[in-house]
Amino acid sequence: MTEFATRVEDVSISGIREVFEAAGEDAINLGIGQPDFPTPGHARRAAIEAIESGQVDAYTSNKGIRQLREAIATKYDRDYGIEVDPENTMATSGGSEALHLALEAHVDPGQEVIFPDPGFVSYDALTRFAGGTPNPLSLREDLTLDPAAVEEAITDETAAFIVNSPSNPTGSVQSEADMREFARIADEHDVLCISDEVYEHIVFEGEHHSPLKFAETDNVIVVSACSKTYSMTGWRLGWLVGSGDRIDRMVRIHQYAQACASAPAQFAAEAALTGPQDPVDEMVAAFEERRDVVVDGLVDAGLEVPTPSGAFYAMPKVPEGWCEEVLDRGVVVVPGDAFGANGAGYARLSYATSMEDLKDALEIMDDATTAVQ
Ligand SMILES: Cc1ncc(COP(=O)(O)O)c(C=O)c1O
C-alpha cells in the first residue's frame, strides 16, 4: 500500500480543533480566530456586481486582477508611506496560502525557520511541509519577539525568520524600534524576514510598523489579507508583497497549486481596500472596549496578563488545570501549548464575541480560577 508522506505524518491537526470538539453545544466560545462582524456591504456588493456582469467566470491572471494589485500597492502608500509597485504584489487564497508560498519558495530541506513561540500554528506546520526545520523562539516577558534573540538564533542554515505583529496568539504589538531591527537583521545577515501582518489594522496603542519600510535589501516579504481587517475570513483573499524576483518564484508555485485566487473575492477585496474604512474603525473600537473588559476581568480574577495592544486575543498566565476547569464550566479557551511548547502555562482567549458573552465568560473564569487555586 502507498504510505503517507513523512511530511504530512509529521504534522498533526491543530490543537485548537481538539478544544472545539470537546466543548458542549451551549459553550461560550472564546476560541474563535475571526471577527464577529459582517463583511462591509460595499465589498459584498462589488463581488455581486462582478458575478452578475460576467467578470468572474474565467481564471484571472495568476497574480490577480490588475485593479486589486493596484489597490494593494496604493494601500501601502496610504497607510505607511511605503512605495510598492503593483507588479511586486500577488493575490493569494488568504494569508494562509501567502505564508505557504513564502516558505515553499525560500526554504530548502534541512534549512531552519525561526518563529515566535507561542506563535501562530501554521508557522511550524508549513515549515515542515517545506522540508525545513522549525526553530521556535521564546518571547520577552511582554510576549513580544526580541530582535536580539532572533539575531542570536541565525545560523548558516537559517532560511527565514517570521515576525507577526499584532500577534496571534498573544495580541502583542512590536515597536517601531523592533521592526527597524528586524529589517537590519534581514539586511545584514542576508536572511529572509517574513512579516505576517494580517492583524495590521487592529491596533489599540501605538501604530503598526512594517519592517518592509526599513529594509534596504529585498529581504522582507509581507503577508497580509482581508480576512481580519474586513471580517472576510470566508472569502479567502490575502496577498504577498515582495521583490519582483521573490514574487516570480512564489507565482510559480501558486500557478500550479491554485491558478489564481477566487475571482469574486478579488473584486470584493479591491472594494474593501479602496472603499470607506469606517467599518474597520468601528470594529477596532469595539475590540478595544472588549479588550479592556477582558483584561480587567482577568486581573480581578487574580490572573497575570500582559495588556494586549492589538489583534483580538489575550494571553493570561493560568494555573495548572485551569483550561480544563474553564472548559468543564462551559467556556472554550485554547491552551497556550497549542501555539508551541513555550505557550504551556498560558491560555489564549479571543474576544471576537459579544460583550454579553464575554461578561458571562469572565464570571465563569473567575469561579474556575478560585476552584483550581
Ligand atoms: C497570524 C495569522 N496569520 C495568518 C492567518 C491566516 O489568515 P487567512 O484567514 O487570511 O488565511 C491567521 C489566521 O488566523 C493568523 O492568525
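Me: What makes the approach of Lys228 to the ligand a polar contact?
Reply: A polar contact is a pair of N or O atoms within 3.5 Å. A polar side-chain atom of Lys228 lies 2.7 Å from an oxygen atom of the ligand, so this pair meets the definition. The model is predicted: local features need pLDDT of at least 70, side-chain atom pairs count only at pLDDT 80 or more, and totals for chains, interfaces and linings use all residues. Residues are numbered from 1 along each chain as its sequence is written, and side-chain values use heavy atoms, with hydrogens and water left out.

Me: Which atoms of Ser227 and Gly95 approach the ligand?
Reply: In Ser227, an N or O atom of the side chain is 2.5 Å from an oxygen atom of the ligand. In Gly95, a polar backbone atom is 2.7 Å from a ligand oxygen. The protein buries 93% of the 390 Å² that the ligand exposes when taken alone (Shrake-Rupley method, 1.4 Å probe).

Me: How many residues surround the ligand, and which are the closest?
Reply: The ligand is surrounded by 15 residues, the closest being Ser96, Asp196, Ser227, Lys228 and Arg236; a residue is near if one of its heavy atoms lies within 4 Å.

Me: Which helix gives the most to this shell?
Reply: Helix α5, residues 94–106, does so with 4 residues. Helices are DSSP runs of H or I with at least four residues, and strands are runs of E with at least two, numbered from the N terminus.

Me: How do the residues of the shell divide by character?
Reply: There are 6 nonpolar, 6 polar and 3 charged residues. Asp, Glu, Lys and Arg count as charged, and Gly is among the polar ones.

Me: What is unusual about the peptide bonds before Pro166 and Pro169?
Reply: Most peptide bonds are trans. The bond joining Ser165 and Pro166 is cis, with omega about -15°, and the bond from Asn168 to Pro169 is cis as well, with omega near 20°. Pro166 lies in the loop between β5 (158–164) and α8 (176–188), and Pro169 is also placed between β5 and α8.

Me: What makes Ser231 notable?
Reply: Ser231 is not a glycine, yet its phi is positive, about 50°. Most residues other than glycine have a negative phi. Ser231 is in the loop between β7 (220–225) and β8 (238–241).

Definitions and conventions
A polar contact is a pair of N or O atoms within 3.5 Å; within protein, one must be able to donate a hydrogen and the other to accept it, and residues adjacent in sequence count only if both atoms are side-chain atoms.
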